[in-house]
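Here is a short tour of a two-chain model, written to be read with the structure open beside you. Take a moment to turn the view around before reading on.

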Amino acid sequence: MTRLRELLFPLIAVLCAFAVGALVVLFIGDSPIETYRLLLGSAFSWPDGIGYTLFFATPLIFTGLAVAVALRGGLLNIGAEGQLYIAAFATAWVGITLSNLPSALLIPLCCLAGIAAGAAWAAIPGILKARFGSHEVINTIMLNFIAVALVGYLTQYHYRTAGDPIMESAPISAAAHIPRLGQFVPGLPARIPLNAAFLLALLSCWLVYVLLWKTKWGYEIRATGQNPSAAEYGGVSIRKEIVLTMAISGALAGMVGINEVMGYRYRYYDGFSDNYGFTGIAVALLGRNHPVGVIAAALLFAVLQRGGVPVDAFTQLVSKDIVLILQALVILFVAAEAMFRRGRRGQGAGGRI
Amino acid sequence: MRSILTLSLLFSTIRLATPLVWAAIGGLYSERSGVINIALEGLMLAGAFTAAATTYYTHSPWAGLGSAMLAAAFFAFLLAIVCIRFKANEVVAGTGINILFLGLPAVLSGALFLSSGSTPQLPKDELLPEVAQLSVVSLLALLLVFVTQYVLYRTPFGLRLRSVGENPEAADAAGIRVNRLRYTGVVLSGVLAGIGGAYLSIGQSSLFTRNMTAGRGFIALAALIFGKWRPIQTMLACLLFGFADALTIQMQGVAKLPSGEDVPVQFIQMIPYVVTIVVLAGFIGHSRAPGALGVPYDKES
């Protein structure tokens, strides 16, 4: 029964979001049926639809996992956006600086740089909370802006190819490229940027599952999230858990850089993130903070993102920004879940500042 | 020459601080009542878009301003329902509102004006009027701060609002209707953030552009924290952040480092955010949030 409910509420929230979205489309004078047909229908064609949908899902799985792990530990990481920028830059930096190394060394080093940079950037609000009690929400928001300014500065002043009008770094070494799945899957052309990072995303889901539910570390993270004082009474160091949880969360967000830099653009491209960090919040909430749910929710948002393109092109009045509206509505309906529970009290999950 | 530069810097500081003051004081009403308002950014965008679109159709900036207040109040009310009635996580719900207003103005302007996210340019005489080179909205912002100071500390409403934010159980026991005051606080934050947004689109510039707030809602939030949730300090924080912004604009291509390179604007842009983190950590005087901020009030528990 509980399991059924876990499935039912997200489903209801998505349906409500789509219903309100349909009203918006009606209001501006277009056809919701046609819009949704374009939005949902273009993701399943082979190879472009499926290839791009999985490619779009990759960063969302990473950021969804990042937010989910933090929420399991009782922390709200609104900073995945900043963490993934810092991480992507670190990945590119290693790929540019150590360009003499062979692939066998360079690829793991680039990955590690991104993961470590994401973890370190996320550990800052963790340490600030553990040490000074300042709330991670405000600090992660502030660090998002600082991250964007910092990598913008580094790109503009230090790592841009001279004369390049675009805010992007020099290309990384070819030895740091990870393979596109088109090289292995027959019928999938190599122009589709779906790459090995997608497999890494699936692997990360499994690892997060094992970490959270099969190890002592994960048990302590979840115990801290559910009842910090009880966990502390049981001998868990809350301060350590806060920093650890944030670092794991940031490491996961940082893996977005592997997909972006090593598998797609082969350089750092300023402002590349299409709100991945914030969509990750929607993904985690809709996926009930569970790795399997995260995959499902990331796929849904990837389908919408892919569908935004034909909506832009083939409807009279609706633009692809309808996807943002649907995302926002999903977040609001999932957050207001108490709406759907008759006679039940809300979870009261308000975060303290 | 030097004095002209300084005077223009002062004016541009005030201009740039104006939307921050409106949004931050708006946030103050919400947060003092105990509801976190991460949605200031989205509410400002709601106001900015509505103001520009309404002014375009009615040719009256006052109608634009009024409709901006109404629209932002409406969405703040929605936020309040989600947070108070359904006890949603306030940060998550606020994030939802922010994402909504990345999308909604773009979709509406696509349909209304066949553009990709902006409204048509308005003629100069349809913008909010100026007095002595400053928009009336800037002058009213100053008034707002002192009115807020008075309301918060000298009126029964202000006392109740603060008590609901500090200790809702005690307020409830004293016969104050906790959630009604919280609805009022959040809706007020919408009205004021909406004015701040309207100032951006029909005061400072003459059209709405996609995501034109560019993080100002969050800077306003930062100013509110830096100002320790008090009106006058919050205004001073807004002025400081406005000054940093004005300096960035004036320094572009002018000031040089001793090495002869441009001063990277990114470091000046970071100031408000770094300051907030430092203040929140208690390095420069501790900034304490209202006691019950972010805790939904449940009579039964």
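Of the 353 residues of chain A, what percentage count as buried? The figure is 56%. Please keep in mind throughout that this is a predicted model.

**The two chains**

Let us begin with the overall build. Chain A holds 14 helices and zero strands, so to read along its sequence is to meet α-α-α-α-α-α-α-α-α-α-α-α-α-α. Chain B, in turn, comes to 11 helices and two strands. Starting at its N terminus, the elements of chain B run α-α-α-α-β-β-α-α-α-α-α-α-α.

The radius of gyration of chain B is 19 Å, close to the 19 Å that the globule rule gives for 301 residues, so chain B is as compact as a globular protein of that length. For chain A, a compact globule of 353 residues would have a radius near 20 Å, and the 21 Å of chain A agrees with that.

Some further values for each chain are set out here.

| Chain | Box filled by C-alpha atoms, along the principal axes | Residues counted as buried | Share of contacts (separation of 6 or more) between residues 24 or more positions apart |
|---|---|---|---|
| A | roughly 65 × 60 × 35 Å | 56% of 353 residues | 76% |
| B | roughly 65 × 50 × 30 Å | 57% of 301 residues | 77% |

**Where the chains meet**

How many residues does each chain bring to the contact? Chain A gives 46 residues and chain B gives 45 residues. On the side of chain B that touches chain A, α4 (90-113), α9 (216-226) and α11 (265-280) of chain B each supply at least two residues. The largest share of that side, 16 residues, is from α4(B). Sorted by class, the side of chain B that touches chain A has 30 nonpolar, 12 polar and three charged residues.

**The nonpolar cores**

In soluble globular proteins, nonpolar side chains tend to be buried together. In this model the largest nonpolar core has 223 residues, and the members that touch the most others are I331(A), A72(B) and A223(B). Helix α3 (residues 48-72) of chain A provides the largest share of this core, 15 residues. Apart from this core lies another, of six residues, including L161(B), V164(B), A171(B) and L181(B).

I331(A) is a good residue to click on. Setting aside neighbours within four places in sequence, I331(A) is in contact with I281(A), A282(A) and L285(A) in chain A, and with V92(B), T95(B), G96(B) and I99(B) in chain B.

**A helix that is enclosed**

Why can α9(B) be called largely enclosed by the rest of the structure? It is because 11 of the 11 residues of α9(B) are buried. Among them are R216(B), G217(B), F218(B) and A223(B). Following α9(B) comes K228(B), whose phi is positive, near 55 degrees.

**Two crossing helices in chain A**

Next, look at helix α8 (residues 216-226) and helix α10 (residues 238-254) of chain A, which pack with their axes 10 Å apart at an angle of about 105 degrees. Angles of 65 to 115 degrees count as roughly perpendicular, and α8(A) and α10(A) are therefore roughly perpendicular to each other. From α8(A), the residues E220(A), I221(A) and T224(A) meet I238(A), E241(A) and T245(A) of α10(A). The residues of this contact divide into two nonpolar, two polar and two charged.

**Two residues up close**

G250(A) also lies in helix α10 of chain A. Is G250(A) buried or exposed? G250(A) counts as buried, because there are 33 C-beta neighbours inside 10 Å and the cut-off for buried is 20 or more. Beyond neighbours within four places in sequence, G250(A) is in contact with A66(A), Q83(A), G118(A), A119(A), W121(A), A122(A) and A123(A). G250(A) and Y268(A) are 18 residues apart along the chain, and their C-alpha atoms are separated by 19 Å.

F301(A) has its place in helix α13 (residues 291-314) of chain A. F301(A) is buried too, with 24 other C-beta atoms within 10 Å. Not counting residues up to four places away in sequence, F301(A) touches L60(A), T279(A), A282(A), V283(A) and Q327(A). A282(A) is also one of the residues in contact with I331(A). Finally, F301(A) and G64(A) are 237 residues apart in sequence, yet 11 Å apart in space, C-alpha to C-alpha.

Definitions and conventions: Residues are numbered from 1 along each chain as its sequence is written. Chains are lettered from A and ligands numbered from 1 in the order in which they are written. This is a predicted model: local features need pLDDT of at least 70, side-chain atom pairs count only at pLDDT 80 or more; totals for chains, interfaces and linings use all residues. Helices (H or I, at least four residues) and strands (E, at least two) are DSSP runs, numbered from the N terminus. A residue is buried if 20 or more other C-beta atoms lie within 10 Å of its own, exposed if 12 or fewer, and partly exposed in between; C-beta atoms are placed from the backbone. Two residues are in contact if their C-beta atoms, placed from the backbone, lie within 7 Å. Ala, Val, Leu, Ile, Met, Phe, Trp, Tyr, Cys and Pro count as nonpolar, Asp, Glu, Lys and Arg as charged, and the others, Gly among them, as polar. The radius of gyration is taken over C-alpha atoms; the globule rule is 2.2 Å times the number of residues to the power 0.38. Axes are lines fitted to C-alpha atoms, for helices over the stretch in contact, and angles run from 0 to 180 degrees between N-to-C directions. Angles under 35 degrees count as roughly parallel, over 145 as roughly antiparallel, 65 to 115 as roughly perpendicular and the rest as oblique. A nonpolar core is a set of buried Ala, Val, Leu, Ile, Met, Phe, Trp, Tyr and Cys residues joined through C-beta atoms within 7 Å.
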